[in-house]
Amino acid sequence: MLTTRPPVPDGYGLSSRYRPSGSDAVGGDWFDVTSMPDGRLVLMVGDVAGHGMGMAAVTAQLRHALRAYLIDTGGAAGALERLGGLIAELLPGELATVTAVELEPGTGRTTVVSAGHPPPVLRTRGGAVLLDQARGPALGLGVHPTHEVHTVDLEPGDAILLYTDGLVEQRRRPLSESLRELQDHVRAAPRDPERMCDALLAGAPLTDDDVTLVALHRLG
């Protein structure tokens with residue numbers, strides 16, 4: 001469920017990595033990158049609960065539906081609301097988390113929307129911070145919230161990292177500790193986008209869950 005040949009505007013770089021779980025089961029991680037008619041770039045990372053081919057089919061449905069809803073609603077917040085309704089009506093019992101990031105390439109203005117997913121990390125020249133202000137429940141919980149959005153400016157030299165929970169979740173360890181450690185790793189990672197993703201994946205704990213990374217860099 002990984003996109004191929006994603007569009008990247010001039011002045012930006014995109015890197016991604018995927019590591020399957022240690023088991024033979026198909027995982028539920030996916031990511032997508034698409035261009036909107038007005039020139040905005042949208043990055044999406046999601047995770048569907050469960051394993052196996054049936055779950056993979058659900059993952060494909062949600063990924064393609066989210067693309068359609070982006071065009072129909074004109075933004076990630078409305079698209080996630082529509083996707084939550086789709087799960088409630090047609091896929092009861094399924095549970096999914098998603099983070100979507102909208103970028104205006106000319107200005108660097110970046111909008112984050114989340115549905116129960118681990119928060120992105122913004123790396124600036126001064127360090128690395130969690131973009132956890134845009135919180136929302138996972139899709140499939142039977143609620144229909146209005147998803148909050150959080151906006152930041154991606155300056156030249158900055159990067160924003162999206163990932164799935166396999167990068168940070170460990171048994172018997174608080175998630176807050178793992179997120180603080182991730183900030184440290186992002187802060188210390190090489191500036192080169194490909195090397196940064198390699199370093200983060202190499203430092204990720206070996207678990208029975210998939211790991212997906214997507215990093216968007218504004219060149220400077």
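Is aspartate 132 buried, partly exposed or exposed? Select aspartate 132 and find out: with a relative accessible area of 27%, this residue is partly exposed. (Buried means under 20% relative accessible area and exposed over 50%, with partly exposed in between, using a 1.4 Å probe and protein chains only.)

Before moving on, two notes on the model. This is a predicted model, in which local features need pLDDT of at least 70 and side-chain atom pairs count only at pLDDT 80 or more, while totals for chains, interfaces and linings use all residues. Residues are numbered from 1 along each chain as its sequence is written, and side-chain values use heavy atoms, leaving out hydrogens and water.

**Stop 1: the whole chain**

Zoom out and colour by secondary structure. You should find 4 helices and 10 strands, in the order β-β-β-α-α-β-β-β-β-β-β-α-α-β from the N terminus. (Helices, H or I with at least four residues, and strands, E with at least two, are DSSP runs numbered from the N terminus.) Along the principal axes, the C-alpha atoms fill a box of roughly 45 × 40 × 30 Å. The radius of gyration is 16 Å, which agrees with the value near 17 Å for a compact globule of 220 residues. (This radius is taken over C-alpha atoms, and the globule rule is 2.2 Å times the number of residues to the power 0.38.) Of the 220 residues, 51% count as buried.

**Stop 2: back to aspartate 132**

Now add arginine 135 to your selection. Arginine 135 forms a salt bridge with aspartate 132, and their closest N and O atoms are 3.6 Å apart. (A salt bridge is a side-chain nitrogen of Lys or Arg within 4 Å of a carboxyl oxygen of Asp or Glu.) Side chains of opposite charge can pair when their charged atoms come close. Arginine 135 is exposed, at 59% relative accessible area. The structure holds 12 salt bridges, so let's visit two others.

**Stop 3: aspartate 198 and arginine 17**

Select these two residues next. The closest N and O atoms of this salt bridge are 2.7 Å apart. Aspartate 198 sits in helix H4 (residues 193–202) and arginine 17 in strand E1 (residues 12–19), so their pairing ties together parts that are 181 residues apart in sequence. Aspartate 198 is partly exposed at 40% relative accessibility, whereas arginine 17, at 18%, is buried. Show Glu194 as well: salt bridges with shared partners join Arg17, Glu194 and Asp198 into one network.

**Stop 4: glutamate 102 and arginine 40**

What is the distance between the closest N and O atoms in the salt bridge of glutamate 102 with arginine 40? It is 2.5 Å. Glutamate 102 belongs to strand E4 (residues 96–103), and arginine 40 to the loop between strand E2 (29–35) and strand E3 (41–48), so this pair ties together parts that are 62 residues apart in sequence. Glutamate 102 is buried, with a relative accessible area of 10%, and arginine 40 is buried too, at 16%.

**Stop 5: leucine 83**

For the last stop, select leucine 83 in helix H2 (residues 76–90). At 1% relative accessibility, leucine 83 counts as buried. Which residues is leucine 83 in contact with, leaving aside its neighbours within four places in sequence? They are Leu62, Ala65, Leu66, Tyr69 and Leu139. (Contact means heavy atoms within 4.5 Å.) Finally, draw a line from leucine 83 to glycine 220: the two are 137 residues apart in sequence and 36 Å apart in space, C-alpha to C-alpha.
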